[in-house]
Amino acid sequence: MILVFAFVSFPCMIHLALHVLVPLSIAWSYGHWRNKPFWRPFLVMMATMAIDADHLLASPIYDPNRCSIGFHPLHTLIPILIYGLFCFSSKTRWVGVGLLLHMALDALDCL
Ligand SMILES: [Zn+2]
């Protein structure tokens, strides 16, 4: 992670940090509220970061000035609606929350 920070700009560092800190705070709050371990929902939400594998289809793979939402195939409307459906099942809820959170944080780059 430190190696990644050596090659990215400050806004990008903030973006990457939010992708960890926001799920961590949600998982921690959930664990504290429900008296359950926070690490499971946190790890599930971290695993949803794999959705960024669709960046490999773009050229360049990373462009700090590009809005991911609506550009990358798994960051478009139909998949986002499906991620929302994941939230309705208790078995896929954290996957859905993690994916929607990821989309919301990526959408911050579009402002
Ligand atoms: Zn993304």
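**Exercise 1.** State which residues of H2 are buried, and what covers them.

*Solution.* His 19, Pro 23 and Ala 27 are buried in H2. Buried here stands for 20 or more other C-beta atoms within 10 Å of the residue's own, with C-beta atoms placed from the backbone. The cover over these residues includes H3 and H5. The model is predicted: local features need pLDDT of at least 70, side-chain atom pairs count only at pLDDT 80 or more, and totals for chains, interfaces and linings use all residues. Residues are numbered from 1 along each chain as its sequence is written. Helices are DSSP runs (H or I, at least four residues), numbered from the N terminus.

**Exercise 2.** Check the span of H5 against its number of residues.

*Solution.* The expected span is 1.5 Å times one less than the number of residues. H5 (residues 93–107) has 15 residues, so 21 Å is expected. Its end C-alpha atoms are 21 Å apart, which agrees.

**Exercise 3.** Describe how H2 passes H5.

*Solution.* First, the axes (lines fitted to C-alpha atoms over the stretch in contact, with angles from 0 to 180 degrees between N-to-C directions) come within 10 Å and cross at roughly 140°. H2 is therefore oblique to H5; oblique covers angles that are not under 35 degrees, over 145 or 65 to 115. Next, the residues that meet, by C-beta atoms within 7 Å, are Leu 18, His 19, Val 22 and Pro 23 in H2 and Gly 98, Leu 101, His 102 and Leu 105 in H5.

Notes: Helix = DSSP H or I, 4+ residues; strand = E, 2+ residues; numbered from the N terminus. Buried ≥ 20, exposed ≤ 12 C-beta atoms within 10 Å, placed from the backbone. Contact = placed C-beta atoms within 7 Å. Left-handed = near helix turned anticlockwise from the far one by under 90°.
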